[in-house]
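Open the model in your viewer and keep the sequence panel in sight. We will go from stop to stop, selecting a few residues each time.

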Amino acid sequence: MQSFFRFSDTQAIVKETPQGKVKVSLIAIENLVKKTVRQVKGVRDVKAIVRLLDAKKLQVQIRVITSPEISVPDLSNEIQQTVKEYIFDVIGIEVNQVTVVVDNIAVDSKTRLE
């Protein structure tokens, strides 16, 4: 059984096990998401927000800055799939929705030598 719980002004996911309760804060999940997305090729920078929609829905919003040579549709698909799988593997919670927002496409400025 899973439920969500608020303690010390920090939201967390509470998972019931035969041995007791396990609480994972949303901040911890955000950190896992950032770590995972940083490893995707083409991601220059990442910010993540994790929200609880209700007792069974976890929503993740990821804001990225990408490299210019990367396909945005391919990158966003890879990020969404990777985040869903990683959160489930590490925490055992299904992510209902992963939204990817591309804030910027970074362009390398190269110094011209003449």
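Start by selecting Ser25, which sits in strand β3, residues 20-25. This is a predicted model, so treat each stop as a look at a prediction. Is Ser25 buried or exposed? Its relative accessibility is 19%, and because buried means under 20%, Ser25 counts as buried. Now add Ala12 to the selection: Ser25 and Ala12 are 13 residues apart along the chain, yet 3.9 Å separates their C-alpha atoms.

**The whole chain**

Zoom out and colour by secondary structure. You should find 2 helices and 6 strands, and walking along the sequence gives the pattern β-β-β-α-β-β-α-β. The protein has 114 residues, and 32% of them count as buried. Among contacts with a separation of 6 or more, 52% are between residues 24 or more positions apart.

**The two helices**

Next, select residues 26-38 for helix α1 and residues 72-91 for helix α2. How far apart are their axes, and at what angle do the helices pack? The axes are 10 Å apart and the angle is about 130°, which means that α1 is oblique to α2. The crossing of these two helices is right-handed.

Show the side chains where they meet. On the α1 side, pick Ile29, Leu32, Val33, Lys35, Thr36 and Val37. On the α2 side, pick Ile79, Thr82, Val83, Tyr86, Ile87, Val90 and Ile91. Coloured by type, the residues of this contact divide into 10 nonpolar, 2 polar and 1 charged.

**The nonpolar core**

Keep Ile29 and Ile79 selected and add Ile62: these three have the most contacts inside the largest nonpolar core, a group of 25 residues. Which elements each supply at least two residues of this core? They are α1, β4 (43-54), β5 (57-66), α2 and β6 (97-105).

Now centre on Ile29 alone. Setting aside neighbours within four places in sequence, Ile29 is in contact with Ile13, Val24, Val50, Leu58, Ile87 and Ile91. Two of those names should be familiar from the helix stop: Ile87 and Ile91 are among the α2 residues that meet α1.

**Along helix α2**

Finish with two residues of α2. Select Val72, which lies in this helix. With a relative accessible area of 31%, Val72 is partly exposed. Which residues does Val72 touch, not counting those up to four places away in sequence? Show Val102 and Ile105 to see them. For a distance check, draw a line from Val72 to Val101: the two are 29 residues apart in sequence and 10.0 Å apart, C-alpha to C-alpha.

Then move along to Gln81, also found in helix α2. Gln81 counts as partly exposed, at 42% relative accessibility. Draw one last line, from Gln81 to Val98: the sequence puts them 17 residues apart, and the C-alpha to C-alpha distance is 8.5 Å.

How values were computed:
Residues are numbered from 1 along each chain as its sequence is written. This is a predicted model: local features need pLDDT of at least 70, side-chain atom pairs count only at pLDDT 80 or more; totals for chains, interfaces and linings use all residues. Side-chain values use heavy atoms; hydrogens and water are left out. Axes are lines fitted to C-alpha atoms, for helices over the stretch in contact, and angles run from 0 to 180 degrees between N-to-C directions. Helices (H or I, at least four residues) and strands (E, at least two) are DSSP runs, numbered from the N terminus. Angles under 35 degrees count as roughly parallel, over 145 as roughly antiparallel, 65 to 115 as roughly perpendicular and the rest as oblique. A crossing is left-handed if the near helix is turned anticlockwise from the far one by less than a right angle, and right-handed if clockwise. Contact means heavy atoms within 4.5 Å. Ala, Val, Leu, Ile, Met, Phe, Trp, Tyr, Cys and Pro count as nonpolar, Asp, Glu, Lys and Arg as charged, and the others, Gly among them, as polar. A nonpolar core is a set of buried Ala, Val, Leu, Ile, Met, Phe, Trp, Tyr and Cys residues joined through side-chain atoms within 4.5 Å. Buried means under 20% relative accessible area, exposed over 50%, partly exposed in between (1.4 Å probe, protein chains only).
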